[in-house]
Amino acid sequence: MAVFEGNLTSSTSLRFAIIIGRFNDLVTGKLLDGCKDCLKRHGIDPNPQGTQVDYIWVPGSFEISLMARQAALSGRYDAVICLGSVIRGQTPHFDYVAAEVAKGIAAAGFQTGVPVIFGILTVDTMQQALERAGIKSNKGWDYAMNAIEMANLMRSFRGQNSILGYEESEQGTLGQQTLPFSANWTIASESDPDS
C-alpha cells in the first residue's frame, strides 16, 4: 500500500487562482496580503504579471463560488484559493450567505477535482474578522499553506502530469476520466432530468 501526503517544498511549478470578494475589503485585502506572503516564502511568484498566480476580484463572498468553479474548470490551476469575509449583522442575511458560500465552494472542488480552499471568514463582528486577518494572526497565510499542500498532494496522488476531470455520460451522470494536465477541456453540465 502507498502513503500519499502533500508537501510544502515542491511548489515552484504550481499555479494558483486567488478569488477575492471586494465586500469587506478592509478584511479581504489583509487576507490577500497574508496569502501572497506565504506563497512568496514558499518559492511561488505572486506577481500578477507572472505565470504562477492569477487574481480574480468579485463583488462579494456570494459570487466567489461561481468563479471558483469556473477557475477550476479551466484546467489552468493546481488549486483555487477563495478569500472573503461574511460578518453577522442584524438580519438573517449572514446565515444565508455563509451557508451558500460554503456549499458552493465545496461543490466547486467536488465537481472539478481541483482543490478549492475555503478562505471565507464567517464571524460575528468586524473585530473578530480583523483579528483573523492580521491583528492576532493572518488566516490568509494558512489558506495559502493549505493550497500548496493540497496541490502537491493531488499531483502526487494523480501522477505529475495529469489532472482529474469529469465527463457526462449519455445517462446524465458524471463519470471520472483522467486528462493530461495541459489539455484544454470543458465540463459538460448535468442534463435536466425533466427534459
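How many bridges join S1 to strand S2, and in which sense do the two strands run? In this predicted model, six bridges link S1 to S2 (residues 53–58), and the two strands run parallel. Within this pairing, isoleucine 20 has tryptophan 57 of S2 as its bridge partner. The connection between the two strands involves helix H1 (residues 25–41), and S1, H1 and S2 together make a right-handed β-α-β unit.

S1 is also paired with S3, again in the parallel sense, over five bridges. Here isoleucine 18 stands opposite isoleucine 81 in S3. Strand S1 spans residues 16–21 and is mostly covered, with six of its six residues buried. Burial applies to both faces of S1: Phe16, Ile18 and Ile20 lie on one side, and Ala17, Ile19 and Gly21 lie on the other. Isoleucine 18 and isoleucine 20 thus belong to one buried face of S1, with the former placed opposite isoleucine 81 of S3 and the latter bridged to tryptophan 57 of S2.

Strand S3 (79–87) also contributes to the largest pocket, where S3 and H3 each supply at least two lining residues. The space in this pocket amounts to about 240 Å³. Its lining consists of 16 residues, and those nearest the pocket centre are Phe23, Val86, Ile87, His93 and Val97. By class, the lining of the largest pocket comprises six nonpolar, eight polar and two charged residues.

One of the residues nearest the centre of the largest pocket, His93, is listed by UniProt under "active site" in an unreviewed entry. Histidine 93 is located in helix H3, which covers residues 93–112. The relative accessibility of histidine 93 is 55%, and the residue therefore counts as exposed.

Helix H3 takes part in the second largest pocket as well, which has a volume of about 170 Å³ and to whose lining H3, strand S4 (116–123) and helix H5 (139–158) each supply at least two residues. The largest share, four residues, comes from H3. The lining is made up of Ile105, Ala106, Gly109, Phe110, Gly113, Val114, Pro115, Val116, Ile117, Phe118, Met150 and Met154. Ten of these residues are nonpolar and two are polar, while none is charged. In the lining of the largest pocket, by contrast, two charged residues are present.

Conventions:
Residues are numbered from 1 along each chain as its sequence is written. This is a predicted model: local features need pLDDT of at least 70, side-chain atom pairs count only at pLDDT 80 or more; totals for chains, interfaces and linings use all residues. Side-chain values use heavy atoms; hydrogens and water are left out. UniProt positions are given in the numbering used here, feature names are shortened, and annotations may be inferred rather than shown by experiment. Buried means under 20% relative accessible area, exposed over 50%, partly exposed in between (1.4 Å probe, protein chains only). On a 1 Å grid over the protein atoms alone, a cavity is a set of points where a 1.4 Å probe fits but cannot get out, and a pocket is an open set with protein on both sides within 12 Å along at least five of seven lines; lining residues have an atom within 4 Å of a point. Grid points are joined across faces, edges and corners, and a volume is the space filled by probe spheres set on the points. Ala, Val, Leu, Ile, Met, Phe, Trp, Tyr, Cys and Pro count as nonpolar, Asp, Glu, Lys and Arg as charged, and the others, Gly among them, as polar. Two strands pair if DSSP finds at least two bridges between them. A crossover is right-handed if, with the strands pointing away from the viewer, the path from the first strand over the helix to the second runs clockwise.
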